[in-house]
Amino acid sequence: MKRRFAALGCSIALISSLMAGCVAAGGVEPDKVLQNAFAVASYEGSGSLSFQVTAGEAAKGYPDAAKLNNAVVEFTQMKQQDKNNSSVTGVFKTSSGNIPFEAVQINKEWVIQAEGASKPLVLENAHAQKESAAAPGFGLDLSSLNVEKLQNHLGSILSYAPTLDSLTVSDANATINGEALSLKKIHAELKGGELTGIIQKTLANILADQENGDALIRSIIGDLGYDASNAFTFAMVKESLRSLAEDASALGVIFPAEDYLNNNNVLKLDLYVDGASQIRRIGFELGLQGLPQLDNGVSGVTITGSFDRWNINGAVTADKLSAEGAIKLSEDGGLAKYLLALDKSSTAYKFLMEELKVNRKHIQLPPVGSEVPQTEVRPYLQGDFTMVPARLVTEQLDAQVEWNPDTYEVTVTDIWSGKKIVFKIGSTTVLVDGVEQTLDASAVLGGDTTYVPVRIIAETFGAEVLWNQDTYVVTIVRN
């Protein structure tokens, strides 16, 4: 419980720090600029993102992320009609060639149509995915965060924040959508190692102001979806904030702080602001070069972006795109189904399948037990053979599973190859594409789960089984 509230405290600190560090200077009022940025209802724009990736060889079963090096995404036309309706037209420039695309946001979903795909892809908006918004392992749900309410606290938070030493404000001229503009340029550079100091100083200042600081904390607790009037909740959050103000290592509660909050990771940010305190151009460079090498081979990445906006809060109509026949990425085998919907001669197929190899699999199962599980789904040993839950494993390998309660048979069909395995509970005989084979052990039921020998699945679906004798962990990889 205490760690959950530590996560909540860290979240408040991070939210504070992201909006902190500026003071009114050079005719710019940072709190007004940020309030306007949150309040933008509609706009048109364009922009680009580019990626420089430092990567070694990917581990078995992981995509080859090195192929993302020098990739560029150009957004030639961006339209936000309102908070629930937007559209984007652009091109993804890869090592295999260019992939034009269109995308529209409809409420909580994005529909994407890429050149070479016979069907559109549907992505659920991250704000709608409550699980993805939770702090890992602590049940902290940030999906209920009310941004509209949070913007009301910007002025208060900024009043407690220290000034960034690197902050400068200067005059700048820019041409945006053909219009010559006189703007204010806010430039800042922030190293990861400096962020902890900003967080701690901001929190220390808030905690020192018992009257107004406590009121601010209660307000943010409420905006994060918690009961701000609950004395226990408030006390735990305040204790967590105090601990963090004294020891920044508490940030490790919600993310690997040591990997990111070091001086090898640097954000350079340029905001171009007009006389109405609206951000008209954003330029940034985010360099993450202090990372431990990830399983996909990545040890560093630099993302550079530039975005222009115009017709802010004006009349904007987002483009339309049909979602007929669309494939949801979140559905079972969604990525595989989409990849199969790509024309094999298309640039999208060549890049995703032949270069990036996104269909690789790396499945690590829970530690193996010694008997058939009845209440949990995990592998177990039957004699010298490892038995694995058929549905859990095969669906992660992009296979479809069907259960016949009349015959006690499980049919597993590989989406990629069309190969089919039919298991019968209690029998060591299986049918692989209609041909009988003998298993090392019979398929069995444990609770509502069917367990089968892992090797038959691996061999049939072109995967490899790795066994760790020390941890009793089974890993299935497919390259």
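What span should the 16 residues of helix H7 have at 1.5 Å a residue, and how far apart are its end C-alpha atoms? In this predicted model, helix H7 covers residues 231-246, for which the expected span is 22 Å. The end C-alpha atoms of H7 lie 23 Å apart, which agrees with that expectation. At the start of the helix, the backbone nitrogen of Phe232 has a side-chain oxygen of Asn230 within 2.9 Å. Buried residues of H7 are Thr233, Phe234, Met236, Val237, Lys238, Ser240, Leu241, Leu244 and Ala245. An α-helix has 3.6 residues a turn, so residues three or four places apart point the same way.

Leu241 of H7 is also among the residues with the most contacts inside the largest nonpolar core, together with Leu164, Ile186, Leu203, Leu216, Ile217 and Val273. This core has 29 residues. At least two residues of the core come from each of helix H4 (154-160), strand E10 (179-191), helix H5 (192-208), helix H6 (210-223), H7 and strand E11 (265-273). The greatest contribution is that of H5, with six residues. In soluble globular proteins, nonpolar side chains tend to be buried together.

Empty space in the model was also examined. Rolling a probe the size of a water molecule over the atoms shows where empty space is left. The second largest pocket has a volume of about 730 Å³. Its lining has 22 residues, and Phe92, Phe101, Ile112, Leu121 and Leu123 are those nearest the centre of the pocket. By class, this lining comprises 22 nonpolar residues, with no polar and no charged ones. Strands E2 (72-82), E3, E4, E5 (109-114) and E6 (121-124) each supply at least two of the lining residues, as do helices H9 (334-340) and H10 (347-355).

Two cavities of 30 Å³ or more are present in the structure. The largest cavity has a volume of about 40 Å³. The residues lining this cavity are Ser87, Val88, Thr89, Glu102, Ala103, Val104, Asp319, Lys320 and Leu321. Strand E3 (85-94) and strand E4 (97-106) each give at least two residues to the lining of the largest cavity. Four residues of this lining are nonpolar, two are polar and three are charged.

Phe385 belongs to strand E17, which runs over residues 385-389. Because its relative accessible area is 32%, Phe385 is classed as partly exposed. Phe385 and Ala441 are separated by 56 residues in sequence, and their C-alpha atoms are 7.3 Å apart in space.

Note on methods:
Residues numbered from 1 in each chain as written. Predicted model: local features only at pLDDT ≥ 70, side-chain atom pairs only at ≥ 80, totals over all residues. Heavy atoms only, no water. 1 Å grid on protein atoms, 1.4 Å probe; cavity = no way out; pocket = protein on both sides within 12 Å on 5 of 7 lines; lining within 4 Å. Points joined across faces, edges and corners; volume = space filled by probe spheres on them. Helix = DSSP H or I, 4+ residues; strand = E, 2+ residues; numbered from the N terminus. Nonpolar A, V, L, I, M, F, W, Y, C, P; charged D, E, K, R; others polar. Expected span 1.5 Å × (residues − 1). Buried < 20%, exposed > 50% of the residue type's maximum accessible area, 1.4 Å probe, protein only. Polar contact = N/O pair within 3.5 Å; in protein donor to acceptor, adjacent residues only side chain to side chain. Core = buried A, V, L, I, M, F, W, Y, C linked by side-chain atoms within 4.5 Å.
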